[in-house]
Amino acid sequence: MPGECRTPPLQLGHRLWRMTAGRAGGWGILAQLLLLLVVVWLGYEITSNAQANLKAQRIAAGLGFLNNTAGFGVSQSLIAYDESDTYLRVFAVGLLNTLLVSFIGCVLATIIGFMVGLGRLSPNWLVARLAGGYVELIRNLPLLFQILFWYLAVLGTLPGARGSISVFGVAFLNNRGVVVPRPVPLDGFAPFVVAIGLALAVTVAMKILARRRLYQTGKPLRVWPWALGLLVGLPAASAVLGGAPFSFEQPELRGFNFVGGTRLVPELIALVLALSTYTAAFIAEIVRAGIQAVPKGQIEAASALGLRRGAALRLIVVPQSLRVILPPLTNQYLNLTKNSSLAVAIGYPDLVSVFAGTTLSQTGQAIEIIAITMGVYLLISLATSAGMNLYNYYLFRNRSA
Amino acid sequence: MKIRIAGTFALAFLVTMPSAFAQTLKAVKDRGSLSCGVSQGLPGFSSPDDKGVWTGLDVDVCRAIAAAVLDDPMKVKFVPLSAKDRFTALQSGELDVLSRNTTWTLSRDTSLGLNFTGVSYYDGQGFLVRRSLKVNSARDLGGASICVQTGTTNEQNVADYFKANNLKYEVIAFSTADETLKTYEAGRCDVFTSDVSQLYAQRLKLAAPNDHIVLPDVISKEPLGPVVRHGDDQWFDIVKWTLYAMINAEELGVTKANVDSMLKSPAPEIKRLLGVEGNLGEQLGLTKDWVVRIIRHVGNYGESFERNVGSGSPLAIDRGLNRLWNKGGIQYGPPIR
Ligand SMILES: N[C@@H](CCC(=O)N[C@@H](CS)C(=O)NCC(=O)O)C(=O)O
């Protein structure tokens, strides 16, 4: 077919004219210019007003405050932080915490959402009703209420540190969160990581080869027993030959709480649970709509070919429905990220809490801080959209519109 | 969400309003009411009673200003604010005065663009813990989880104290007092920290107040007082001297009950205070009888203290540092002359 295609001329000048002048011709350009002037003037008014007001009241301005000492503590941080660090570091701590809940939240919401969405379409009456009930219940209750519910009514009622629920004496569950042993890398750690990497690489290669063979000869090749063997065998061999990869630091009750080990704070757990279950209800509906948008004939054709329901879903239906699912799914990811700012209600130190909250009230530099915070959310959202668009493009690049 | 909208809204003020902050007195008179920022409900300092009428020591300061300016203590619009939103609300011009158990610090007085007008309550920060923990001193709090409200000096003092004493801690910060207290009560935190007066006030809200004790340690100085914006010296003076008028009235024995008979007093200090002699009120931009209005409607400092937080209230806080300077405390009103 390529021979028949001819790229149309670019017609750049013409397109530019159409874009700016529209149907109104020259007047259109004038109108656009006027609008531009109004926007520029508004921007100028706002900045000069703000500057004059700040100056008249002698309120500090500029970004210099970012280098000042913050002087307050933060309960959870992915990077080293202490109260003598700067506001800039507080910003980084808050941003990472926001990204952390958003990321875990999106992954969990997608998994739950797909399960519930598929569940709603299940021929099993009970499963379908349960999934339907989930969607109706969760999406009709305010999110803030759900966050507080998980935080105060579920996690808040766990016993105190001294009465912790012990999971085989290894992990502990109490109203301060979940404490698990922390892996401490030993000498054997590096070879262990290499072994896992190697196993993964070989598995992927086998998968590709198997698929190629399937397409060429029509014969399926079972990869998973080999893959499983590799993924377990190689790291195990490394542990035996190169020494134990890590030891575990066991948490231990001392004073008010457990010392040692790794702790997931209840604020994080409650926020992730609330955000992911809430968003999952919407994703479930999107998934259902996407699947129902695939013509029935496709499913019938699949079963005529002898595919089971699972395989038909996986190979025929879901790939086609992704086209319908992806754009609104992106919206849900964006919503989840923005909703994560409700963290302040339960004291999770996200960007809004530590930066647009504490930092703002300590420095009083509302304009700078709100502008930075808005800019960051905008950037996160744009990056998420861009990523999803790229995925969308990658999925459908071979198909014409 | 609400929080973010409030912040952005206040910001819009700052960005769009032309500089018209300089004439607060005129604005208050034209509007016919005073806009006063208070807490979201702190018994004794600022909280609405069962009929929705705001009462408290901080509230009385606003009522006194309204009395002095408008001759009516009820002409006040109270704006409840969380600790972290209070300064933005004042900066943006939404408030005429902020009277919300706010600690006077250098950075707030300068780079936040604010002026502290005086001290209406000398406080200090303390710790509330469960009796069952059997902790006797703040030094025993190493490793504890601490609930605190964001945007307060308390959040910073905790960090200072634990660092200075080389103790580990975990701080969980909430944007409103209610969330902070609820989480403490649920057991997520071992300690609830705040200004001591507020610990007593908040303790009353717990299901079993007697299961909780305030530790004897006081780890900071928290001089609380009314705040105004930079840039309006006349208004700064009015708020400042309203408070001092209440303190001086107590010193001179002028009370709500006797203010009318005091008008006939021969003592020169009382004559000046009540505007029988001289034009001190007019120098402030008010009327001669400004103090008479304040005392008649609100009472003197001691009366307000006892009624709201002292022996006449459920809090029953000892006057301590807040006694007058000649009674063993440090409350001291500069001379009205
Ligand atoms: N004095 C301190 C603390 C003031 C403060 O906000 N304390 C909290 C402690 S609970 C409070 O009063 N909250 C009442 C409210 O938010 O309504 C400051 O100025 O930063």
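This report walks through the cavities and salt bridges of a predicted model.

## Cavities

Let's start with the empty space. The structure has five cavities of 30 Å³ or more, and the largest one comes in at about 80 Å³. Its lining counts 15 residues, and those closest to the centre are G73(A), P349(A), S353(A), V354(A) and A173(B).

Two elements each give at least two residues to that lining: α11 (351–363) of chain A and β10 (169–174) of chain B. As for chemistry, the lining of the largest cavity splits into eight nonpolar residues, six polar and one charged.

## A salt bridge in chain B: D96 and R31

Over all chains, the search turns up 25 salt bridges. One of them pairs D96(B) with R31(B), with 2.8 Å between the closest N and O atoms. These partners sit 65 residues apart: D96(B) is in the loop between α4 (86–91) and β5 (97–98) of chain B, while R31(B) belongs to helix α2 (residues 24–31) of chain B. D96(B) is buried at 3% relative accessible area, whereas R31(B) is partly exposed at 44%.

## R293(B) and its two partners

R293(B) forms a salt bridge with D71(B), the closest N and O atoms being 3.7 Å apart. D71(B) is in the loop between α3 (57–70) and β4 (76–80) of chain B and R293(B) is in helix α13 (residues 290–297) of chain B, so the bridge ties together parts 222 residues apart in sequence.

R293(B) also meets D289(B) in a salt bridge, at 3.5 Å from N to O. R293(B) itself is buried, at 13%, but D71(B) is partly exposed at 38%, and D289(B) is partly exposed at 31%.

## A network in chain A

Shared partners link R120(A), E136(A), R139(A), E285(A) and R288(A) into one salt-bridge network.

How values were computed. Residues are numbered from 1 along each chain as its sequence is written. Chains are lettered from A and ligands numbered from 1 in the order in which they are written. This is a predicted model: local features need pLDDT of at least 70, side-chain atom pairs count only at pLDDT 80 or more; totals for chains, interfaces and linings use all residues. Side-chain values use heavy atoms; hydrogens and water are left out. On a 1 Å grid over the protein atoms alone, a cavity is a set of points where a 1.4 Å probe fits but cannot get out, and a pocket is an open set with protein on both sides within 12 Å along at least five of seven lines; lining residues have an atom within 4 Å of a point. Grid points are joined across faces, edges and corners, and a volume is the space filled by probe spheres set on the points. Helices (H or I, at least four residues) and strands (E, at least two) are DSSP runs, numbered from the N terminus. Ala, Val, Leu, Ile, Met, Phe, Trp, Tyr, Cys and Pro count as nonpolar, Asp, Glu, Lys and Arg as charged, and the others, Gly among them, as polar. A salt bridge is a side-chain nitrogen of Lys or Arg within 4 Å of a carboxyl oxygen of Asp or Glu. Buried means under 20% relative accessible area, exposed over 50%, partly exposed in between (1.4 Å probe, protein chains only).
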